[in-house]
Amino acid sequence: GPQEVPASDGSTRRFAFQQDRPVPSYLVAVAVGELGSKRVGPRTTVWAEPCMVEAVAWEFGETERFIATAEDLTGHAYDWSRYDILCMPPSFPYGGMENPCLTFATPTLLAGDRSLANVICHEVAHGWTGNLVTNHTWEHFWLNEGWTRWLENRVLTRLSPHGEELYNFQMQESLTHLEEAVSQFGATSPLTALVPPLDGIDPDDAFSAVPYEKGLALLNHLTSVAGGHAKFETFAKAYIAAYARRTLTSADFRAFFCEWCGKEGVDCSGVEWEKWLLEPGMPDRAMQGVYDYPDTLGAKATQLVERWVSCPEGQFAAEEYAALPPPLKTHFLESLLARSHKAGAPLLPLAALQRMDELYQLTDTRNAELRCRWQRVCLCHRAAFIVPEVVDFVATVGRMKFVRPLYRELFAWEEQSAVAVRTFMQHRDGYHPICSKMLSADLKLDGKSAKEQRT
């Protein structure tokens with residue numbers, strides 16, 4: 001951690017830092033502010049504005065379990081000594097940023113019930129996949145993020161009483177997110193390839209769920225090829241040991257996997273590497289290990305959606321939704337949202353949405369993931385009652401996962417497009433520059449004069 005160095009003149013405060021591990025340049029970060037702290041584990045202290053320290057400490061109190069489980073899964077001790085967490089201001093544009101020794105985290109993770117701590121698990125996993133083993137260039141970003149999604153979910157699976165049922169459920173959610181990202185770019189867009197051509201393209205413009213979820217899908221396919229989770233976890237240990245403190249490309253990864261398969265007597269000749277790495281769009285439905293996940297854990301939420309869609313005037317009880325654990329509440333709204341986006345799918349009557357809100361208290365939820373999805377569902381259904389809530393949400397947070405889809409949905413509604421632009425213009429200076437740039441493109445304001453943007 002930082003050590004304060006006495007200043008000779010007594011008028012300034014100086015701090016010195018020592019990092020004895022090699023760090024990729026994009027992971028160097030410094031934070032300055034009035035911060036309090038609290039120790040929550042043998043390797044973890046949380047940092048935040050003093051008024052938020054206790055809430056942050058409780059929310060992230062299980063971090064050590066993530067670190068220890070990842071160490072066991074990878075066969076490699078955590079390399080960075082400390083795993084501290086800094087809770088950032090609401091304008092922080094990402095869920096988390098895996099700076100070695102000090103993860104930056106959004107305050108939108110503070111749900112009050114630890115239900116969104118999976119983001120911290122993701123950032124912990126980066127301690128191995130991303131920070132320790134690093135993509136050589138941004139074209140190979142999936143080697144950071146696809147691997148981290150894999151390790152995150154294997155850690156959560158080990159810690160969950162549901163075991164592999166949880167993994168199956170999370171893979172279904174992953175495919176839903178991938179479908180949405182591919183739809184946003186278009187199925188033939190080169191930016192939906194796992195190794196996209198980025199010559200002359202700002203990596204921020206190419207950023208999406210594709211490297212995360214399509215990369216995870218490839219690793220699930222390779223898991224099937226290898227012979228199952230236990231066998232693939234053996235490969236993961238070998239991979240991390242071979243590439244620790246090194247960078248690699250997709251070609252390097254392919255060669256290493258094939259070499260490992262040869263030593264282990266695994267036939268990997270059927271892996272269609274060019275299709276996986278270079279072709280745009282969703283993975284082929286024939287790919288083994290990608291789509292064949294049973295919906296056992298999510299069944300209750302799926303059935304509840306079916307009932308609302310098939311008979312919105314039917315009998316529903318608040319307890320049905322309240323009894324769902326937070327991931328299934330997210331699944332309920334995710335499924336409802338996916339149906340809303342399907343061409344030709346019947347929309348729920350406005351009265352049904354209002355009744356759903358009254359029963360489930362969705363508009364008032366503290367959980368940012370649920371809040372965003374509910375607001376998007378309402379915008380898809382052109383429910384005007386939600387517009388003030390959307391405006392309030394995007395005015396108070398800057399996490400791109402939330403504000404970009406909400407602005408896009410609001411802008412796509414012809415009657416509310418001016419509200420979207422006006423809200424953005426009022427709050428653009430409060431967003432992170434990357435977020436502001438991306439929102440400007442989403443709202444088609446690039447190249448317009450200030451006067452045009454205001455009208």
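In this short talk I will go through the sheet of this predicted model and then turn to its cavities.

Let me begin with the sheet, which is an open one made of 5 strands in the order β3-β4-β5-β7-β6, with mixed pairing. At its edges are β3, residues 36-41, and β6, residues 96-97, and each of these pairs on one side only. If we start from the β3 edge, we find that β3 pairs with β4, residues 44-48, in the antiparallel sense over 5 bridges, and within this pairing S37 has W47 in β4 as its bridge partner.

Further along, β5, residues 84-87, and β7, residues 102-105, run parallel and are joined by 4 bridges, with C87 standing opposite A105 in β7. A105 in β7 is also the bridge partner of G96, and here the strands concerned are β6 and β7, which run antiparallel and are joined by 2 bridges. The hairpin of β6 and β7 has 4 residues between the strands, and in this hairpin C101 takes a positive phi near 80 degrees.

Now to the empty space inside, where the count comes to 3 cavities of 30 Å³ or more. The largest cavity holds about 50 Å³ of space, and among the 13 residues that line it, Y78, Y83, E98, N99 and N131 are the closest to its centre. Its lining divides into 6 nonpolar, 5 polar and 2 charged residues.

The second largest cavity has a volume of about 40 Å³, and its lining has 6 nonpolar, 2 polar and 1 charged residues. Both α5, residues 164-185, and α7, residues 210-226, supply at least two residues of that lining, although the largest share, 4 residues, comes from α7.

Notes:
Residues are numbered from 1 along each chain as its sequence is written. This is a predicted model: local features need pLDDT of at least 70, side-chain atom pairs count only at pLDDT 80 or more; totals for chains, interfaces and linings use all residues. Side-chain values use heavy atoms; hydrogens and water are left out. Two strands pair if DSSP finds at least two bridges between them. On a 1 Å grid over the protein atoms alone, a cavity is a set of points where a 1.4 Å probe fits but cannot get out, and a pocket is an open set with protein on both sides within 12 Å along at least five of seven lines; lining residues have an atom within 4 Å of a point. Grid points are joined across faces, edges and corners, and a volume is the space filled by probe spheres set on the points. Ala, Val, Leu, Ile, Met, Phe, Trp, Tyr, Cys and Pro count as nonpolar, Asp, Glu, Lys and Arg as charged, and the others, Gly among them, as polar.
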